[in-house]
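Got your viewer open? Load the model, switch to a cartoon view and keep the selection box handy.

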Amino acid sequence: MLGAPERVVSFQQQIDSDGLNDNGHAVLLYPKTIATIQTALQQADSQQSRRLFVSGTNATFELRPLEQNYIAYPKFNNTPLKARFFLREGNESYAPGYHELTFGPMRDRYIDQLEDFAAYVRGEKVNPYTFAYEYLVQKTVLAVSGYCEWKKE
């Protein structure tokens, strides 16, 4: 969402004996903001806690949960995805204050992405993500996960 951070500080812990970092907190520093990412493998009811929260000077946005609990909602049960946001000042579409958005039901966890990928491979669609973008994403994920040190290029 914000591009390459200036710095990544990762705090990771191994809970299980598999050698993977599965409990952690990472801080991404940008020129005018800080982003945080948290993970907890052993957290009870973790899917309901997964969220994307963006806080700015004039607005906040929260998508929670990121996806419906696959145990409580088998095959996502056509449960719609919802988001909540707050606007300090209104705009042409929304008044100031809190609002809730309801998106269509989630079909499946990965179907849309796999259908897009197949269309890219067949040449039916142009992939909107460049190799440079994908490289930055993977490099950031590794640094946030504590598997490499961050070096801004």
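Before the first click, one cut-off: a residue is called buried under 20% relative accessible area, exposed over 50%, and partly exposed in between. That puts Q13 in the middle class, because its relative accessibility is 43% and so it counts as partly exposed. Keep in mind throughout that you're looking at a predicted model.

**The whole chain**

Start with everything shown and colour by secondary structure. How many helices and strands are in the chain? There are 3 helices and 7 strands. Trace the chain along the sequence and the pattern reads β-β-β-α-β-β-β-β-α-α. If you colour by accessibility instead, 20% of the 153 residues count as buried. For the contact-map fans: among contacts with a separation of 6 or more, 35% are between residues 24 or more positions apart.

**Stop 1: Q13**

Select Q13 and you land in strand β1. Now show what surrounds it. Skipping residues up to four places away in sequence, Q13 touches L20, N21, D22 and N23. Add G24 to the selection and draw a C-alpha distance: Q13 and G24 are 11 residues apart along the chain, and their C-alpha atoms are separated by 5.9 Å.

**Stop 2: A4**

Go back towards the beginning of the chain and pick A4, in the segment before β1 (7–13). With 29% relative accessibility, A4 counts as partly exposed. Which residues does A4 touch, not counting those up to four places away in sequence? Show Y30, L136, W150 and K152 as sticks. Then try a C-alpha distance from A4 to V137: the two are 133 residues apart along the chain, yet the separation is 8.7 Å.

**Stop 3: E62 and its arginine**

Next, select E62 in strand β5 (residues 59–63). Is E62 buried or exposed? At 19% relative accessibility, E62 counts as buried, since the cut-off for that is under 20%. Turn on side chains for E62 and R51, and you'll find a polar contact between them at 2.8 Å. Widen the view to the other contacts, again leaving out residues up to four places away in sequence: besides R51, E62 touches L52, F53, A83 and R84.

**Stop 4: H99**

A83 and R84 turn up again here. Select H99, which lies in strand β7 (residues 97–105). H99 is buried, with a relative accessible area of 18%. Leaving aside neighbours within four places in sequence, its contacts are A83, R84, F85 and Y94. For a polar contact, look for the backbone oxygen of A95, which the side chain of H99 reaches at 2.6 Å.

**Stop 5: aromatic pairs**

Hide everything but the rings. A pair of aromatic rings is described by the distance of the centres and the angle of the planes. The structure holds 3 such pairs. One of them is F85 with Y94: the ring centres are 4.9 Å apart and the planes meet at 85°, so the pair is edge-to-face. The partners fall into separate accessibility classes: F85 is buried, with a relative accessible area of 8%, whereas Y94 is partly exposed at 31%.

Now select F86 and Y98. This pair is tilted, with 4.9 Å centre to centre and 55° between the planes. It links distant parts of the chain, with F86 in strand β6 (residues 80–87) and Y98 in strand β7, 12 residues apart. F86 counts as partly exposed at 26% relative accessibility, while Y98 is exposed, with a relative accessible area of 54%.

**Stop 6: the second largest pocket**

Switch to a surface. Which residues line the second largest pocket? Select Q113, L114, D116, F117, Y120, N127, Y129 and E134. The space in this pocket comes to about 170 Å³. Helix α2 (residues 111–122) gives the most to the lining, with 5 residues. Colour the lining by type and you get 4 nonpolar, 2 polar and 2 charged residues.

**Last stop: E149**

Finish with E149, in the segment after α3 (131–144). E149 counts as exposed, at 69% relative accessibility. For a final distance, pick K139: the C-alpha atoms of E149 and K139 are separated by 9.3 Å, and the two residues are 10 apart along the chain.

Definitions and conventions
Residues are numbered from 1 along each chain as its sequence is written. This is a predicted model: local features need pLDDT of at least 70, side-chain atom pairs count only at pLDDT 80 or more; totals for chains, interfaces and linings use all residues. Side-chain values use heavy atoms; hydrogens and water are left out. On a 1 Å grid over the protein atoms alone, a cavity is a set of points where a 1.4 Å probe fits but cannot get out, and a pocket is an open set with protein on both sides within 12 Å along at least five of seven lines; lining residues have an atom within 4 Å of a point. Grid points are joined across faces, edges and corners, and a volume is the space filled by probe spheres set on the points. Helices (H or I, at least four residues) and strands (E, at least two) are DSSP runs, numbered from the N terminus. Ala, Val, Leu, Ile, Met, Phe, Trp, Tyr, Cys and Pro count as nonpolar, Asp, Glu, Lys and Arg as charged, and the others, Gly among them, as polar. Buried means under 20% relative accessible area, exposed over 50%, partly exposed in between (1.4 Å probe, protein chains only). Contact means heavy atoms within 4.5 Å. A polar contact is a pair of N or O atoms within 3.5 Å; within protein, one must be able to donate a hydrogen and the other to accept it, and residues adjacent in sequence count only if both atoms are side-chain atoms. Rings of Phe, Tyr and Trp (its six-membered ring) pair if their centres lie within 6.5 Å; planes under 30 degrees apart count as stacked, over 60 as edge-to-face and the rest as tilted.
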